[in-house]
Amino acid sequence: MMVDRIIFEDSQSGRSNSHQWPKQKADCDLPPSFLRTTPPSLPEVSELEVVRHYTLLSQKNYSVDTQFYPLGSCTMKYNPRACNTLAMLPGFLSRHPLEPIETGQGVLASLYELQEMLAQVSGMAAVSLSPMAGAQGEFAGVAMIKAYHQHNGDVERVEMLVPDAAHGTNPATATLCGFRVREIDTDKNGDLDLASLKAAVGPQTAGLMLTNPSTLGVFERQIEKVVAIVHAAGGLLYYDGANLNAITGRTRPGDMGFDAIHINVHKTFATPHGGGGPGAGPVGVSERLKPFLPTPIVACDRSRQNKKYHWLYVNDCPKSIGQLSAFMGNIGVLLRAYVYLRMLGGPGMRRVADYATLNANYLLARLSAAGFSVAFPNRMASHEFILTLKPEADNYNVTALDFAKRLLDYGFYAPTIYFPMLVPECMLIEPTETESKGELDRFVDAMVAIRNEAIHNPRMVKDAPHNIPLAGVGVGRLDETQAARKPDLIWNKE
């Protein structure tokens, strides 16, 4: 069996795996109009063929477990297996969300401690774990800002300020919450332009959405002035937690003056990331937004001899923006973050930021020395940094996209390209703290080799990738426009 074949191509009439079939009932209570009249078109293969086909197929997946994944702005780092193992302890795994709280005090205690630890790490007054993803956490943060202003009768605050280098979800979330988006400029050194900010704020300002370090890979050096300008105008500040991996244990958004934050546990706290799988996006708030947190929230009753934990729902929190998901959020993912924080402790979290920053600056220095152009050469990197490949595009007609495609042939997942759009031929690189110096050196060697190819053999780079398997042979550059507009996803005999 060839792994690059479609499993239907290995089908032979008469082969079966009948022992795995579901038991069929003689009677069926479905209406006749919903019943099949012909058998489904399924491949006729043995159990061993099925196992081998999908196992070999899974081995072709690109993942952090197998290779370097320097995807800027989306921290893709190794998830310790201990986090998965401990989150799957029988007492966690078998608990039903409708069980009484008396039989789940261990689960609630763990979630309560996670709330407290995330509040401490972020510098916030309180945390809710209920949002099911970073995007929903972002929505919750902005929705709380809106609820705060409405509660105070400040209904004229209809504008949300968003930097021009922000993640694309920021203006989308603001719009979804009913705000008008106003863009704030970035200056030539990567900082928020204070003149642009001062010109934008006013009685219409609901708040500012900001990531710090920013998507440009640099720390906002004027953050105290930014906070003072927005607060003086009556607005609040929302922190996009995408880049929290850069500052854990070093500084905290709450200390900077932010009022709300969503925390991507899948980026910073080693829970699963990507693939459309389960997510979690806890939100933290300052004291003024605490009444508006989404529910449920774990509370601890300390009036008894022994601590007792229980849930707070909307009825207990009348100002809450409400419940964002069924039951109590994605507890399986949250428990992984809990284990990760328990394993590292405070010193470990600081070490995460130290090594994430060290690795980024090491890569920055090596690539700069090798002749690559840095977008902000006078700035130190945070946990990520930006190269501009415009010189390569201008001189050799080899673009950032070409570099990204050629990196696949060298065994590396390409960094983020063309984002943020402020930097021409942008390549946003984030090595994370979990990669070794040897792996970083291999990445540098690959980048240097591709640059030499761009100079001496540009067609090699422009036609890449050359070694990505499909139907048993390597394929070259696919037509991405047609792949998006006319995806061929359905197999049929014809």
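Reader: What share of the contacts with a separation of 6 or more comes from residues 24 or more positions apart?
Author: In this protein, 71%. A contact here means heavy atoms within 4.5 Å. The model is predicted: local features need pLDDT of at least 70, side-chain atom pairs count only at pLDDT 80 or more, and totals for chains, interfaces and linings use all residues. Numbering runs from 1 along each chain as its sequence is written, and side-chain values use heavy atoms, leaving out hydrogens and water.

Reader: How many helices and strands does the protein have?
Author: There are 16 helices and 15 strands. Both are DSSP runs, numbered from the N terminus: H or I over at least four residues for a helix, E over at least two for a strand.

Reader: Why is the protein called as compact as a globular protein of its length?
Author: Its radius of gyration, taken over C-alpha atoms, is 26 Å. The globule rule, 2.2 Å times the number of residues to the power 0.38, gives 23 Å for 494 residues. The two values are close, so the description holds. Along the principal axes, the C-alpha atoms fill a box of roughly 75 × 70 × 45 Å.

Reader: How much of the protein counts as buried, and how much area does it expose?
Author: Of the 494 residues, 48% are buried. That label needs under 20% relative accessible area; exposed needs over 50%, and partly exposed lies in between, with a 1.4 Å probe and protein chains only. The exposed area is about 24300 Å², with 54% supplied by carbon and sulfur atoms. The areas come from the Shrake-Rupley method with a 1.4 Å probe; for residues, only the protein chains shown count as cover.

Reader: Which residues touch the most other members of the largest nonpolar core?
Author: L197, V226 and F269, in a core of 58 residues. Such a core joins buried Ala, Val, Leu, Ile, Met, Phe, Trp, Tyr and Cys residues through side-chain atoms within 4.5 Å. Setting aside residues up to four places away in sequence, the contacts of F269 include L118, V121, L244, I263, Y340, L341 and M349. N264 and R336 are also among them.

Reader: What makes strand 1 and strand 3 edges of their sheet?
Author: The 7 strands form an open, mixed sheet in the order 1-7-6-5-4-2-3. Strand 1 (126-128) and strand 3 (180-184) each have a single partner strand, so one side of each has no neighbour in the sheet. The twist averages 25° from one strand to the next. Pairing requires at least two DSSP bridges between two strands.

Reader: How do you know that strand 4 and strand 5 pair, and in which sense?
Author: Strand 4 (205-210) and strand 5 (236-240) share 4 bridges, in the parallel sense. M209 stands opposite Y238 in strand 5. Helix 5 (134-151) packs on this sheet, and strand 4 and strand 5 are among the strands that helix 5 touches. The direction of helix 5 makes about 175° with that of strand 5. Axes are lines fitted to C-alpha atoms, over the stretch in contact for helices, with angles from 0 to 180 degrees between N-to-C directions.

Reader: What is the strand order of the antiparallel sheet?
Author: The order is 10-11-13-12, an open sheet of 4 strands. Strand 10 (373-374) and strand 12 (416-417) are the edges, each pairing on one side only. Strand 11 (385-388) shares 2 bridges with strand 10 and 4 with strand 13. S373 is bridged to T388, and F385 to I429 in strand 13.

Reader: Which way do the residues of strand 11 point?
Author: F385 and L387 point one way, I386 and T388 the other, and all are buried. Helix 13 (400-409) lies across strand 12 and strand 13 (426-429), at about 45° to strand 13.

Reader: Why is the peptide bond between N212 and P213 called cis?
Author: Its omega is about 5°. P213 sits in the loop between strand 4 and helix 8 (223-232). The bond from T295 to P296 is also cis, with omega near 0°.

Reader: Are S73 and F327 buried or partly exposed?
Author: S73 has 2% relative accessibility, so S73 counts as buried. F327 is partly exposed at 38%. Neither is a glycine, yet phi is positive: about 75° for S73, near 60° for F327. S73 lies in the loop between helix 1 (47-58) and helix 2 (81-87), F327 in the loop between strand 9 (308-312) and helix 11 (331-369).
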